[in-house]
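Hello,

Here is the structure I promised to pass on to you. Please have a look when you get a chance; my notes on what turned up follow below.

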Amino acid sequence: MTKHYIACDLGAESGRVMLGRLADGKLTLEEVHRFPNHAIRVANSMRWNVLGIFEHLKEGLRILAQRGISAAGLSVDSWGVDYVWMGAGQPMLGVPHHYRDPRTTAPYQNALENIGRETIFGETGIQFMQLNTMYQMLADVEQCPELIKLADRFLTIADYLNYLFSGVAKCEVSLASTTQLYNPVAGNWSDKLIEACGLPRDAFPEIVASGTVLGSLTEEVQAETKLAAAQVIATCSHDTGAAVAAVPGEGEEWAYLSSGTWSLIGVELPEPLISEKARTENFTNEAGFGGTTRFLKNIIGLWLLQECRRSWERDGVCHDYAELNQMAEASEPFRSLVNPNDNRFLQPPDMPAAIVDYCHSTSQPVPETPGQFTRCILESLSLLYGKSLGILEELTGRTIRQLHIVGGGSQSTLLNQFAANATGRTVVAGPVEATAIGNVLIQAIALGDIRDLVELRQVVRNSLPVEYYHPQPSPELQSAIERFSDLRARR
């Protein structure tokens, strides 16, 4: 018997409504509706059009209803850290900020000085990034105190959309863990940090486990979309949590890389790893499916190339990603390298100019063509992956023999090979749609259609092909690794 599930998968560039079909231990996916998603610039701020996203998601449901499809479940996943304030009888008190909005710069520095890195990391095990929810909320306290007085609840983005679909306001643990206000040892919000930030404790919602059934689609949504009642499920509301659940790994000697706008590289642990070394290396402990911990490093990823491409398009030069990869392959190896995590790449007005500035400041030749820029970005990312895997082995005591690359970035055969070369590990690329797959199959677990995470990964292995890339060492690579280490030491 075929079962249908709807995955509403939101990314920083686009959103999709995906239909998953599960039958005979195999999964197929179909993209039903895709729409652009990007920051809205208004009143000197960057915002998310969350209600516009909700309308697009409902359009996907309408399409399914018109096709006569009845789904057992529906779930939304999204990026982390951003949120919506609710209160005063209103479903939204303000248009939610984008995590790249620069309003958090001062609150971030103030928190590190006044609360302290040791206290913050000891409570949360989360890496320090000024875009984290904690610093966004500190900005709200300092810059919008009247908003905080009105607020009686907040929800992270995917949880907020699950609320609009179900009428049930809960925060799923994988997204809660990205806020740097969640204590993974206690399994609840950090009262110490909430008090230190001057936030209202009552506004923090109940946290639920990954795979929690929230309730049926509201009558309002059913009437508007004509879709029959489906169960709304908080799967792994964080897109990376869903993607890691869908990694087709076996045993323990593997790491994952969720490759897209961000590169998230890590391992799956049975419990949090909160240590002084982990804090120093800025690794993070995020909640995964089934009580696991995603111990990982959050790296600026293909954002660098996405922003270069947008800049070139503004100048009338248009290349798709396949063309850029072809031009990069034909370009000189290791001509220019950058540290992707340098602060100048977080939110520059012009990414190519930021890369040129970095190369000037480090006495390197500057990239001059789209192919050279692309090669610089892909080689630099791969070298950072290699460095990060070495630190992961040191911190966890594990031996990592394979790197599973999932997500949109796994489509880049050039980046996959660069990653195999730079890490010295076999790269297993795929599935591309790991987030939607994890979303769908966690729904299947919640509704009793598959048993557990082990069976989930078996379904992925049965359903979708992967590609293997083996290391190809070279003298030029070893020299580049040494150059890259020098660049990282300058941060």
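**Backbone oddities**

Asn 44 sits in the loop that joins β4 (40-42) to β5 (45-47). Although Asn 44 is not a glycine, its phi is positive, at about 60°. Please keep in mind throughout that this is a predicted model. The other backbone feature on my list is a cis peptide bond running from Gly 430 to Pro 431, with omega near 5°. Pro 431 also belongs to a loop, the one between β20 (426-429) and α16 (434-446).

**Helix α14 and its partners**

Two helix pairs involve α14, so to speak the hub of my notes.

Let me begin with α15. The axes of α14 (residues 370-396) and α15 (residues 413-423) come within 8 Å and cross at roughly 40°. The two helices are therefore oblique to each other, and the crossing of α14 past α15 is right-handed. On the α14 side, the contact is made by Arg 375, Leu 378, Glu 379, Leu 381, Ser 382, Leu 383, Tyr 385, Gly 386 and Leu 389. Their counterparts in α15 are Leu 414, Leu 415, Phe 418, Ala 419, Ala 422 and Thr 423. Sorted by class, the residues of this contact are ten nonpolar, three polar and two charged.

Next comes α11 (residues 303-314), whose axis comes within 10 Å of that of α14, with a crossing angle of roughly 165°. That makes α11 roughly antiparallel to α14. This crossing is right-handed. Here Leu 304, Leu 305, Cys 308 and Trp 312 of α11 meet Pro 370, Phe 373, Thr 374 and Ile 377 of α14. The contact of α11 with α14 has seven nonpolar residues, one polar residue and no charged ones.

**Cavities**

How many cavities of 30 Å³ or more does the structure hold? There are two.

The largest cavity has a volume of about 50 Å³. Its lining consists of Glu 332, Phe 334, Arg 335, Ser 336, Pro 367, Gln 372, Arg 375, Cys 376 and Glu 379. Three of these lining residues are nonpolar, two are polar and four are charged. Arg 375 and Glu 379 may look familiar: both lie in α14 and take part in its contact with α15.

The second largest cavity has a volume of about 30 Å³. Around it are Tyr 99, Arg 100, Asp 101, Pro 102, Thr 104, Gln 130, Leu 131, Leu 346 and Gln 347. By class, that lining has four nonpolar, three polar and two charged residues.

**The second largest pocket**

Finally, a word on an open space. The second largest pocket holds about 750 Å³. Which residues lie nearest its centre? They are Tyr 108, Phe 128, Asn 282, Asn 341 and Asn 343, out of 24 residues that line the pocket. At least two lining residues come from each of α2 (105-124), α10 (276-280) and β18 (293-300). The lining is made up of eight nonpolar, ten polar and six charged residues.

If you would like to start somewhere, α14 is a good place to open the viewer, and the largest cavity can be found from Arg 375 and Glu 379.

Best wishes

Definitions and conventions: Residues numbered from 1 in each chain as written. Predicted model: local features only at pLDDT ≥ 70, side-chain atom pairs only at ≥ 80, totals over all residues. Heavy atoms only, no water. 1 Å grid on protein atoms, 1.4 Å probe; cavity = no way out; pocket = protein on both sides within 12 Å on 5 of 7 lines; lining within 4 Å. Points joined across faces, edges and corners; volume = space filled by probe spheres on them. Helix = DSSP H or I, 4+ residues; strand = E, 2+ residues; numbered from the N terminus. Nonpolar A, V, L, I, M, F, W, Y, C, P; charged D, E, K, R; others polar. Axes fitted to C-alpha atoms, helices over the stretch in contact; angles between N-to-C directions. Parallel < 35°, antiparallel > 145°, perpendicular 65-115°, else oblique. Left-handed = near helix turned anticlockwise from the far one by under 90°. Contact = heavy atoms within 4.5 Å.
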